[in-house]
Amino acid sequence: MGIRIEGNLFYIQSKEMSMIIENKEGDLLLRHIGGKIAKYHGSNAILEKDHAFSGNPTPDNRTFSYDTQRQVFGVHGFGDFRQPSLKIAHANNELTQFKLTSSEILHGAKEATRLPNPHTTEDAETLVLTLEDKVAALELKLYYTAYADCNTISTHTEVRNLSDKAVVINRALSTMLDVPAGNYDMVTLQGAYAREKTVRRQKVEQGIFTVASNRGASGHSHTPAMILCEHTATEDAGSALALQLLYSGNFQAFVQKNQLNEVRLGIGINDDNFAWQLSAGDSFETPVALMTFSNQGLGKLTQESQLFIQDHIMPKQFAHAERPILINNWEATYFDFKKEKLLDLADEASKLGIELFVLDDGWFGNRFDDNRALGDWVVNEEKIGGPLNDLIAEVHAKGLKFGLWFEPEMISVDSDLYRAHPDWAIQAEGRGHTYSRNQLVLNLANPDVVAYIKAAIDKILTENAIDYVKWDYNRNITNIGNGDTYLATQMQSHAYMLGLYDLVSYLTEKHSNILFESCSGGGGRNDLGMMRYFPQVWASDNTDAISRLLIQYGSSYLFPTISMGSHVSASPNHQMGRTTPIETRGNVAMMGNLGYELDLTSLPENDKEVIAAQVAHYKDIRPVIQFGKHYRLINPEQGSNEAAVEFVHEDKVVVTYVRTLSTIETIETTLKLKGLEEESLYRLQETGQVFSGAELMYAGLTVVLPQGDYLSKQYYFVKQ
Ligand code: DGJ
């Protein structure tokens, strides 16, 4: 485990994963990424063929071309016609040919400055490869960190300008990998507002397939991640490699298959809306990327990714802390509330055993609807019936924690903040604004703006006994044009992200006792950059239990279950109009961090009894869901009528099965459980029936539901 340098080979080894890079006369060639190889002996003859029309950098060797070599960064402009890793404008061109000059092993990690980084453990090691392009006078450092406890390697890149003139970086990927030619599928998480993280698996064909965002946020439609797996890989077999980016802004992730069927993967900041002027002596660091590997199918890849994120990305104090069951007033009241209504809701919640009361949008300034007041972070005492701390004290007195909603990055034109600082909004001179929810985005590339937001939010968090914050972000960025020059404006999108990370790292570290949940109209910025500071995310504004099956399935494909807020809402559901039994709404929400978002004060008695039972039960199974291993049993993808997920933690097992529509043919479904001990006995808590692990895994658990739509069943087993 760790890093080894042997002759001209570099070994980067995490738990059961190896990356092997060869130094071939200064060029870095990727010999292997995948399952652990302790000693590499091979040389690959096919790579030493003269391929017509592939450029040779030397006249005496027609078999060496960057176009056919497997590399760890794409050399730009010397005969490799695939996607490059870097494009740096210097002198009169963008050519670079970096050659290795030195290597070094560091204990721990070399963190990316002003960007989110993984936590490392004592035994983490980092390989630093330093390369130089002497013509352009540029230095390139590649960092690879190996972890003993996970099948993940983290990596990022740094470019330093050694010349005496400024250069301009037009592309800087965080990582790039060439894998052997072959038959692959790629899996991405795609979606839309209220339909986030739909799993898409498709064959890798010749050409380039990219997922990206140019919205100033990672967005609802794509996640900064890409999985490459063998075409034959299944849930339980075959190899799969995930690339993920710790970045919340414009990104790109691509897979390219060229005319020789060679496959190249890359991930990093999007070239769109990006350029970075690098003055003499300065350096630029890319966001950190993760490479996670499984040779036991996509299920194991999920578990490895979830494990790494929980142990190495989430703020440590929350990664293994049980999350409170909450009531959020948004879908209960929207903007229409007064103190009495809030306290009635809190009262009911407390009687049902709920643990946290969250006051959503509408408590500040003149915020009576979503057209105004963003930026005016002053409590509207008239609306909440006095000082915020009085309300909090009353909520606390009912035995509930208190949470508050903010949308700190935004500004309404109808706000005191805009009247005082119209120039703080992102905008281009001489052009009107582009509105979205009637709001504008503050320019976080401006340190004065960041300082203002820090102070305004810090004041409220310091003066009030707040236990939880929901940090919302409800539009994407347009009209980028605050820079004095074209280049300054091209730097604005990334500078915004640096400002954002400065802001959120300051507030979350200073208020490290507060549980922060990120939100962007649901999952519009559900990425690892945010998760480094916000251990919880509101996965979607779509609270319909049946829609949530797909959203939660996709979210947990790579992200840990404990990151995902999941609420029971009203029926008929406000987004989909669907009527779903309270039991199924509860069972689906219990597949994440359970919460409620409906008017508890107007529910029929029977629903309240069911909710009280759900809350009590969830407290029992909460560690299984939030800390357990996650197994997908039935995929709810489009067209499927069923979903089933299993969680295993210590001696407890929870299985949830949902059938969407009633059908005449299906009378039963048998679920073959996973991850159990064959010889051990597991007691089904509901009936007292005992099964062996072997029975549950190989004969299976047969679910029989009566006729009816949107029915579900949850099973809870305890090992004897
Ligand atoms: C969008 C969020 O996703 C909702 O949950 C709610 O907080 C609203 N914003 C409030 O404006």
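## Overall dimensions

The radius of gyration used here is taken over C-alpha atoms, and the globule rule sets its reference value at 2.2 Å times the number of residues to the power 0.38. For the 720 residues of this protein, which is a predicted model, a compact globule would have a radius of gyration near 27 Å, and the protein's own 26 Å agrees with that value. Along the principal axes, the C-alpha atoms fill a box of roughly 85 × 70 × 45 Å.

## Fold content, burial and surface

The protein contains 15 helices together with 38 strands. When contacts with a sequence separation of 6 or more are considered, 70% of them join residues that are 24 or more positions apart.

Of the 720 residues, 62% count as buried, while the accessible surface of the protein comes to about 25700 Å², with 49% of this area belonging to carbon and sulfur atoms.

## The ligand and its surroundings

The ligand is surrounded by 13 residues, and the closest of these are Asp 360, Asp 361, Lys 470, Asp 472 and Asp 541. Sorted by class, this shell holds six charged, three polar and four nonpolar residues.

Several polar side chains can be placed relative to oxygen atoms of the ligand. An N or O atom in the side chain of Asp 361 is 2.6 Å from a ligand oxygen atom, and a polar side-chain atom of Lys 470 lies 2.7 Å from an oxygen atom of the ligand. For Trp 538, the corresponding separation between a side-chain N or O atom and an oxygen atom of the ligand is 3.4 Å. Taken alone, the ligand exposes 300 Å², and the protein buries 98% of that area.

## The setting of Asn 117

Asn 117 is found in the loop that runs between strand 6 (99-107) and strand 7 (125-133). Is this loop residue buried or exposed? Its relative accessible area is 8%, and because the cut-off for a buried residue is under 20%, Asn 117 counts as buried.

A polar atom of the Asn 117 side chain lies 2.7 Å from the backbone nitrogen of Ala 112. Leaving aside residues up to four places away in sequence, Asn 117 touches Glu 111, Ala 112, Leu 246, Val 288 and Arg 532; Ala 112 is thus named both in this set of contacts and in the polar pair with the Asn 117 side chain.

Conventions:
Residues numbered from 1 in each chain as written. Predicted model: local features only at pLDDT ≥ 70, side-chain atom pairs only at ≥ 80, totals over all residues. Heavy atoms only, no water. Near = heavy atom within 4 Å. Polar contact = N/O pair within 3.5 Å; in protein donor to acceptor, adjacent residues only side chain to side chain. Areas by Shrake-Rupley, 256 points an atom, 1.4 Å probe, with all protein chains shown as cover. Nonpolar A, V, L, I, M, F, W, Y, C, P; charged D, E, K, R; others polar. Helix = DSSP H or I, 4+ residues; strand = E, 2+ residues; numbered from the N terminus. Buried < 20%, exposed > 50% of the residue type's maximum accessible area, 1.4 Å probe, protein only. Contact = heavy atoms within 4.5 Å.
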